[in-house]
Amino acid sequence: TTVGISSLGTEIPTVYSLSQNYPNPFNPSTTINFSIPKSGIVKIKVYDLTGKEIASLLNDFKAAGNYKIDFNEKDYGSLSSGVYYYKIEANSFSEVKKMILLK
């Protein structure tokens, strides 16, 4: 499944960050912003409460910068309402945030 990802401006961030998704709660789609100060492989995955991987939103080389990525639950088999987690891994940085799907 193709996921929309786009660069946000040309400014290079000084720190890694993973923002809270917006809107949250969401139905059926949400946007996740992230920043990487150094180029490298970036992985963003979505998990359910049991830790099962639901979606791999990104697993690709990205240049240093600020990005946004769209997640639409309908692209992944129409998920149930509930709590989900999304995780970024980039170079030595890793962070997890919680999001809520409310139907």
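A residue is called buried when its relative accessible area is under 20%, exposed when over 50%, and partly exposed in between (1.4 Å probe, protein chains only). By that yardstick F71, at 1% relative accessibility, counts as buried. This is a predicted model, in which local features need pLDDT of at least 70 and side-chain atom pairs count only at pLDDT 80 or more, while totals for chains, interfaces and linings use all residues. Residues are numbered from 1 along each chain as its sequence is written, and side-chain values use heavy atoms, with hydrogens and water left out.

**Aromatic pairs**
- Searching the whole structure turns up four aromatic pairs (rings of Phe, Tyr and Trp, the last by its six-membered ring, with centres within 6.5 Å; planes under 30 degrees apart are stacked, over 60 edge-to-face, the rest tilted).
- One of them is F26 with F71: the ring centres are 6.0 Å apart and the planes sit at 70°, so this pair is edge-to-face.
- That pair links distant parts of the chain, 45 residues apart: F26 is in the loop between β2 (17-18) and β3 (29-36), and F71 is in strand β6 (residues 65-72). Strands here are DSSP runs (E, at least two residues) and helices are H or I runs of at least four, numbered from the N terminus.
- F71 also pairs with Y76, with centres 5.5 Å apart and planes at 25°, so these rings are stacked.

**The cluster and its burial**
- F26, F71 and Y76 make up one aromatic cluster.
- F26 is buried at 2% relative accessible area, and both F71 and Y76 are buried too.

**Around G77**
- G77 lies in the loop between β6 and β7 (82-90) and is exposed, with a relative accessible area of 64%.
- From C-alpha to C-alpha, G77 and I54 are 9.4 Å apart in space and 23 residues apart in sequence.
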